[in-house]
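Colleague: I should be grateful for a close look at a single part of this model. Please begin with one residue and work outwards from it.

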Amino acid sequence: ASYGAESIAEVDDGRLIRCITRRRTGRTLCGDRVELREHAPGEGTVERIRPRDTLLERTNYRGRNRPLAANVDLLLIVIAPLPEPDLQILDGYLVLAAQLDIAAAIVLNKSDLIDAEELSLLHERLQPYSGLGYRRLETSAHTGAGLDTLWQLISGHTAILVGQSGVGKSSMVNRLVPDHQARTRTLSRVGGQGRHTTTTTTLYPVPSGGALIDSPGIRILRLGQLSETMLERGFPEIRSRSPDCRFRDCRHRNEPGCAVLAAIERGHIAASRLRSFHRLLDAGSLATGDPDRPA
């Protein structure tokens with residue numbers, strides 16, 4: 001976990017070390033691999049941040065890039081029946097996964113809270129993503145259903161749980177990390193007063209190998225740092241048809257000869273996906289009402 005100039009690092013023997021970071025070293029991020037010097041029991045200094053394989057970041061309300069985690073290779077986008085899934089936020093995270101060239105899966109949590117009819121309607125809304133090849137899992141942190149499959153998916157990866165506030169990510173971590181409560185207490189003790197893991201991106205090693213990162217829930221996802229070309233990578237069904245549009249600079253709104261609009265009319269592309277694409281182009285953000293802040 002990183003708190004600006006301070007961080008908490010786990011060393012090879014499993015101990016947690018509270019570290020400061022030198023200005024020349026740069027700021028650490030959750031998921032970083034570091035070299036540190038322990039100068040007192042439980043106290044150290046980060047001497048070097050090893051090169052990052054990936055850097056997951058989004059844009060804050062000032063338009064500045066806000067790093068979230070490093071070295072992630074699996075994005076687990078958690079949704080739930082309540083709060084109602086925001087497909088624009090889901091699409092935004094899929095864009096980030098495509099931009100980093102990492103795997104992504106959609107995790108429908110709290111599946112035990114709705115009846116068969118409501119679940120069927122939710123499946124219909126998610127059907128376009130299965131058609132695009134994204135893996136979809138159903139879980140319940142309450143009953144434990146589906147967690148074995150999720151555990152197997154995480155094994156050997158550095159996975160991060162992302163999604164809206166209230167979808168049950170922390171409850172899933174409680175189930176997936178056997179000693180989560182004990183580790184949370186240790187993190188709070190080592191980090192000192194005012195360090196709350198519920199509002200901090202935190203990494204937990206998992207027994208099967210790899211790690212699970214829990215991130216605070218959001219109400220807004222801004223992607224202003226990405227170009228139009230980068231955005232298209234997260235919409236492969238649009239990207240594949242764009243070359244067939246009559247105009248090279250077609251924005252797929254009402255231009256004549258638009259291959260994307262034609263595909264929507266034929267039912268080959270979900271209209272909701274094109275709406276997400278346009279919203280990103282227009283505003284560089286995926287908003288649901290409140291400023292970007294953890295819940």
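Modeller: Gly 42 touches Leu 16, Ile 17 and Arg 18 (contact: heavy atoms within 4.5 Å), leaving aside residues up to four places away in sequence. The model is predicted, so local features need pLDDT of at least 70 and side-chain atom pairs count only at pLDDT 80 or more, while totals for chains, interfaces and linings use all residues. Residues are numbered from 1 along each chain as its sequence is written, and side-chain values use heavy atoms, without hydrogens and water.

Gly 42 sits in the loop between strand 4 and strand 5 (43-49); helices (H or I, at least four residues) and strands (E, at least two) are DSSP runs numbered from the N terminus. Between Gly 42 and Arg 15 the separation is 27 residues in sequence, and 7.8 Å in space from C-alpha to C-alpha. Of the residues that Gly 42 touches, Leu 16, Ile 17 and Arg 18, each falls within the range of strand 3, residues 16-21.

The surrounding element is an open sheet of five strands in the order 1-2-3-5-4, with mixed pairing (a pair needs at least two DSSP bridges). Strand 1 and strand 4 are its edge strands, each pairing on one side only. The loop of Gly 42 therefore links strand 4 and strand 5, which stand side by side in the order 1-2-3-5-4.

At the other end of that order, strand 1 (residues 2-3) and strand 2 (residues 6-10) run antiparallel and are joined by two bridges. One partnership here is that of Tyr 3 with Glu 6 of strand 2. Strand 1 and strand 2 form a hairpin with two residues between them, and in its turn Gly 4 has a positive phi of about 80°.

Strand 2 is also antiparallel to strand 3, to which five bridges join it. Within this pairing, Ala 9 has Ile 17 of strand 3 as its bridge partner; Ile 17 is also one of the residues touched by Gly 42. Five residues lie between the strands of this second hairpin, and Gly 14 there takes a positive phi near 90°.

Ala 9 leads from the sheet to the largest pocket, because a lining residue is one with an atom within 4 Å of a pocket point; a pocket is an open set of points on a 1 Å grid over the protein atoms alone, where a 1.4 Å probe fits, with protein on both sides within 12 Å along at least five of seven lines. The volume of the largest pocket is about 710 Å³ (the space filled by probe spheres set on points joined across faces, edges and corners). Its lining has 28 residues, and Ala 9, Glu 10, Asp 32, Arg 33 and Leu 203 lie nearest the centre. Strand 2 gives the largest share of this lining, four residues. At least two residues each come from strand 2, strand 4 (34-40), helix 5 (180-191) and strand 12 (202-205).

By class, the lining comprises 14 nonpolar, eight polar and six charged residues (nonpolar: Ala, Val, Leu, Ile, Met, Phe, Trp, Tyr, Cys and Pro; charged: Asp, Glu, Lys and Arg; polar: the others, Gly among them). Strand 2 thus appears in both hairpins, bridged to strand 1 and to strand 3, and it also contributes to the lining of the largest pocket.
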